[in-house]
Amino acid sequence: MHGVHVAPVQFRVSRHMENVIEVKNLVKKFGEVTAVDGVSFEVKKGEIFGFLGPNGAGKSTTISMLSTLAEPTSGSAAINGFDVSENRDDVRKSIGLVFQDPTLDDRLTAEENLRFHARLYGVSNEDYEKRVEEVLDLVELKDRRHDLVRTYSGGMKRRLEIGRGLIHYPAVLFLDEPTIGLDPQTRAHLWEYILRLKKEKEMTIFMTTHYMNEAEYCDRIAIIDRGKIVALETPERLKKNIGGDIIQMKSAEKEKLVREIKEKYDIGAKSGEHDIVQIEVANAETFLPRLFNELDTKINSIEMRRPTLDDVFLSLTGKRIREEHASGKDDIRAHMRMRGR
Amino acid sequence: MNFSAIYIIWEREIIRYWRDKIRIVTTFIQPLMFLAIFGTGLRSTLASSSLGIDFLKFMFPGIIAMNVMGVAFFSTISTVWDREFGFLKEILVAPVSRISIVFGKSLGATAIAATQALLLLILAPLIGLSFPLSIVPELFLFMLLLAFTISGLGLLIASLMKSLESFGLLMQLLVFPMFFLSGAFFPLQNVPGWMKILSAVNPLSYGVDALREIILRTQIAPGEIAKIILRSPVENAGYLVLFSIILIFAAVVAFNRQN
Ligand SMILES: Nc1ncnc2c1ncn2[C@@H]1O[C@H](COP(=O)(O)OP(=O)(O)OP(=O)(O)O)[C@@H](O)[C@H]1O
Ligand SMILES: [Mg+2]
């Protein structure tokens, strides 16, 4: 009889211990626009969980709701066991945030920004003195700590923001496109930090990205498109689900090519942008010679490779994520944002 | 209430103010301009005798009160910039009550505006005004009170304002009428009823009235001062406290709702 009373409580506690983030049927509408459309998922302690999706998919909006900055239209979410609508302060204490857009005060120095943050989060003076060294070390800004943030480069600002998000030792770190606008070198560097943090601090990390290669650092990935999660798996599984290898062809007569492949091999080819037609086959090495010999449609180029997350995305949503075509625009956008005041 | 959060938000306002040297200089230029242009211009056409005191001296306390308002208002309106440039998010997502945020911001603006007004007293000898230093603590108290009230108003408006564009409009529609209906430039004794009502709901009027009483009572006979003063300092203090409670409360509500 005793056990009957205890069991539900224990169940609740253990569930919270395991899942640091729990999201059920989360919806956010802005007037007519449904930015997030019934999203559900769980994130375990110590996991790196990624949200992968194109512009406007609803990634940032999801983070806003999980971080108490936006009220969900419906559905529920809990961070560290605290409901995001009801226990806002507990949620806020549990999280660190690196927003997509910069949120530093560039009229303050790096150290002033860090101290402001630590004070707001109730970090004691004693702890702050220790952690500020640690964090500045981590993001390699020790020698610039007394400089105004407005004299920083974009990458330095981004590193400072990440450091700031860590200084109160949050249970969950939200990173909204943490490496946007950074050069590949800095990006790789940042990833080193993030992976080290995960290990050292046992931190749970929720991140969004549109860089496919970054998504591979995640333990699990949710692919989100138009507010809906279309797949949720480990990167390896997602790639495996594609099955076999990828053959990509370029042809001026896309439709004809798709039709011919369907007739001859009963394979559904996907046509992408820029004359690209793509098929998935079990074994590309043996399949390529057949294509050469048997196809009538003129092909300009052909390429085979192992599936990447980009392919997963294309096969799930029918479109390519913005990576290669939009990168120029992204740089400009990031640059303008970084300039700030 | 989270005092360490209030303190750090307060401190940021002070640091930012201190680094913005241009802003410090301009806030000194404006009152000088008012005194030079308005003061000398109006003095030559206006019969100062009807006031019982030199017009420049009459205007001086009003100019200081206006400066308090201008600085307090500008400092709190900066919240709109914070929103525009993202920093407000950093504050809003922190585990800090909205009341603490409003208090940190308004106390920061209060400290800046009152201190600057205190420094403006240095200009007094320029217009031939000298007064005993013993009235300075009393003056400073009213500068603080007025600054706190106006920063409540500034924060309320900042949280209602959606964009930076509305800022110019706001200056036209609110700040200038508040300046001119405060009694800073002319006594409110004999103005029409509608103007009396408007200046009664204008918190700046009470600051102007109080500062004027405290400074000018050292200059003219007690019988004369009644002609240019509406209320006693205690009454003015009461009204300012009332205004500040209402405005700060409204600012917290608006802050909560909007963010
Ligand atoms: N405050 C808002 N008001 C109205 N619509 C909004 C608002 N915020 C977001 N949206 C809309 O919600 C949708 C999702 O936006 P969101 O910022 O979440 O996308 P995202 O996945 O983060 O995109 P990106 O990769 O560009 O950052 C978009 O259609 C956007 O226009
Ligand atoms: Mg986004």
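## Exercises on ligand 1, a pocket and the cavities

A polar side-chain atom of Asn55(A) sits 2.7 Å from an oxygen atom of ligand 1. Keep that contact in mind as you work through these exercises on a predicted model.

### Exercise 1

**Task.** Describe the surroundings of ligand 1: which residues come nearest, and which helix gives the most to the shell?

**Solution.**

1. Begin with the neighbours. There are 13 residues around ligand 1, and those that come nearest are Asn55(A), Lys59(A), Ser60(A), Thr61(A) and Gln100(A).
2. Look for polar contacts, with a cut-off of 3.5 Å between N or O atoms. Besides Asn55(A), with its 2.7 Å distance, the side chain of Gln100(A) places an N or O atom 2.8 Å from an oxygen atom of the ligand. Gly58(A) takes part through its backbone, where a polar atom is 2.9 Å from a ligand oxygen.
3. Turn to the cover. On its own, ligand 1 has 640 Å² of accessible area, and the protein covers 63% of that.
4. Assign the shell to an element. Helix α2 of chain A, residues 59–66, gives the most, with 3 residues.
5. Sort by class. The shell holds 4 nonpolar, 6 polar and 3 charged residues.

### Exercise 2

**Task.** Characterise the second largest pocket: how much space lies in it, and which residues lie nearest its centre?

**Solution.**

1. Take the volume: about 380 Å³.
2. List the lining. It has 17 residues, and Arg107(A), Arg16(B), Asp20(B), Arg23(B) and Phe74(B) lie nearest the centre.
3. Find the elements. Those giving two or more residues to this lining are α1 (3–19), α2 (21–45) and α3 (55–84) of chain B.
4. Count the classes: 9 residues are charged, 6 nonpolar and 2 polar.

### Exercise 3

**Task.** How many cavities of 30 Å³ or more does a search of the whole structure find, and what lines the largest cavity and the second largest?

**Solution.**

1. The search finds 3 cavities of that size.
2. The largest has a volume of about 60 Å³. Its lining consists of 13 residues, with Gly183(B), Leu188(B), Asp209(B), Arg212(B) and Leu230(B) closest to the centre. By class, these 13 split into 6 nonpolar, 4 polar and 3 charged.
3. The second largest has a volume of about 40 Å³. Leu108(A), Glu112(A), Arg115(A) and Phe116(A) line it together with Ile8(B), Glu11(B), Arg12(B) and Ile15(B).
4. Now place those residues. Both α4 (110–120) of chain A and α1 of chain B supply at least two of them, and α1(B) gives the most, with 4.
5. Finish with the classes: this lining has 4 nonpolar and 4 charged residues, and no polar ones.

Key. Residues are numbered from 1 along each chain as its sequence is written. Chains are lettered from A and ligands numbered from 1 in the order in which they are written. This is a predicted model: local features need pLDDT of at least 70, side-chain atom pairs count only at pLDDT 80 or more; totals for chains, interfaces and linings use all residues. Side-chain values use heavy atoms; hydrogens and water are left out. On a 1 Å grid over the protein atoms alone, a cavity is a set of points where a 1.4 Å probe fits but cannot get out, and a pocket is an open set with protein on both sides within 12 Å along at least five of seven lines; lining residues have an atom within 4 Å of a point. Grid points are joined across faces, edges and corners, and a volume is the space filled by probe spheres set on the points. A residue is near a molecule or strand if one of its heavy atoms lies within 4 Å of it. A polar contact is a pair of N or O atoms within 3.5 Å; within protein, one must be able to donate a hydrogen and the other to accept it, and residues adjacent in sequence count only if both atoms are side-chain atoms. Accessible areas come from the Shrake-Rupley method with a 1.4 Å probe; for residues, only the protein chains shown count as cover. Ala, Val, Leu, Ile, Met, Phe, Trp, Tyr, Cys and Pro count as nonpolar, Asp, Glu, Lys and Arg as charged, and the others, Gly among them, as polar.
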